[in-house]
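Reader: I would like to go through this model with you and hear the reasoning behind the terms used for it. Could we start with the ligand?

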Amino acid sequence: MINIIKVNNEQQFNETGAGIIASLLQSKPRAILGLATGSTPVGVYGKLIELYLEGVVSFKQASSYNLDEYIGLPANHPESYRQFMNDKLFNHIDILLENTHVPSGNAVDPDKAAADYSELLENAGQIDLQLLGLGHNGHIGFNEPSDELQGPPHIVTLDERTRQANARFFKSIDEVPTHAITMGIGSILHAKQILLMAKGADKAEIVAQALKGPITTQCPASFLQTHPNVVVLLDQAAGRLV
Ligand code: F6R
């Protein structure tokens, strides 16, 4: 079931997203969070930091598993997703760093790193709340449109469009990694609840395709239609067609 929430501005977007995560942590302090990087959740993470500083929420007993990580960047590279999570959230709240998990993008053997992440997720049990952004091509995590999708964590070749979209964070497109480790569609759909977030007019069409279009591997986010508990948080621009 998909429950769409449309908000009017950035502040409401961040408050609503953070509110959903905070309520979960209040009712279940040991919650397992599935986290995303990218621009969309940054303000939500900022609001969560505020809620933590105000004493409204604690992450002390929580644990987290990130969706994906670039292959080939050292963990302390400013654009690695591990670094992003430390900078934007983990370093500012009381989560124990050892309870935060991001695939290992700089392992000597990336296939083993993906298999290890798969095992880690299996041992963790069910993720309580999985956060997702949405790629312009319909990707979730780095599950790119393709003739077939994979269930467990795996290595992907990033779409040219994805590399171009993410080049804004690097000095040039040549520096954007070509491969990543991502949770698979199966890992994502296994979560108890999913929070998909999208902002901006440039996401309106893909939001409509994902939520109302046919379920197809050419739009990986369309598989969210098969999940029993999805909340979709949109601003008015991204929600224009749904
Ligand atoms: C990030 C991720 C990606 C992004 C998507 C949207 O961990 O897995 O799927 O969520 O590319 O990115 P933004 O939010 O930058 O538009």
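Author: In this predicted model, a polar side-chain atom of D68 lies 2.5 Å from an oxygen atom of the ligand.

Reader: What makes the approach of D68 to the ligand a polar contact?

Author: A polar contact is a pair of N or O atoms within 3.5 Å, and the polar side-chain atom of D68 is 2.5 Å from a ligand oxygen, so the pair qualifies. By the 3.5 Å cut-off, R168 qualifies too, because a polar atom of its side chain lies 3.1 Å from an oxygen atom of the ligand. For G133 the polar atom belongs to the backbone, and its distance to a ligand oxygen is 3.5 Å.

Reader: How much of the ligand's accessible area does the protein cover?

Author: On its own the ligand has 410 Å² of accessible area, and the protein covers 93% of that. The ligand sits in the largest pocket, where 14 residues surround it, the closest being T40, D68, H139, G141 and K203. By class, this shell consists of eight polar, three charged and three nonpolar residues.

Reader: Why is the pair of Y70 and F170 called edge-to-face?

Author: Ring centres must lie within 6.5 Å to pair, and planes over 60 degrees apart count as edge-to-face; Y70 and F170 are 5.8 Å apart centre to centre with 75° between the planes, so both conditions are met. The count of aromatic pairs comes to four.

Reader: Which parts does the pair of Y70 and F170 tie together?

Author: Y70 belongs to strand β4 (residues 68-70), whereas F170 is in the loop between α5 (160-166) and β8 (179-182), so the pair ties together parts that are 100 residues apart in sequence.

Methods. Residues are numbered from 1 along each chain as its sequence is written. This is a predicted model: local features need pLDDT of at least 70, side-chain atom pairs count only at pLDDT 80 or more; totals for chains, interfaces and linings use all residues. Side-chain values use heavy atoms; hydrogens and water are left out. A residue is near a molecule or strand if one of its heavy atoms lies within 4 Å of it. A polar contact is a pair of N or O atoms within 3.5 Å; within protein, one must be able to donate a hydrogen and the other to accept it, and residues adjacent in sequence count only if both atoms are side-chain atoms. Accessible areas come from the Shrake-Rupley method with a 1.4 Å probe; for residues, only the protein chains shown count as cover. On a 1 Å grid over the protein atoms alone, a cavity is a set of points where a 1.4 Å probe fits but cannot get out, and a pocket is an open set with protein on both sides within 12 Å along at least five of seven lines; lining residues have an atom within 4 Å of a point. A molecule sits in a cavity or pocket if more than half of its atoms lie within 2 Å of its grid points. Ala, Val, Leu, Ile, Met, Phe, Trp, Tyr, Cys and Pro count as nonpolar, Asp, Glu, Lys and Arg as charged, and the others, Gly among them, as polar. Rings of Phe, Tyr and Trp (its six-membered ring) pair if their centres lie within 6.5 Å; planes under 30 degrees apart count as stacked, over 60 as edge-to-face and the rest as tilted. Helices (H or I, at least four residues) and strands (E, at least two) are DSSP runs, numbered from the N terminus.
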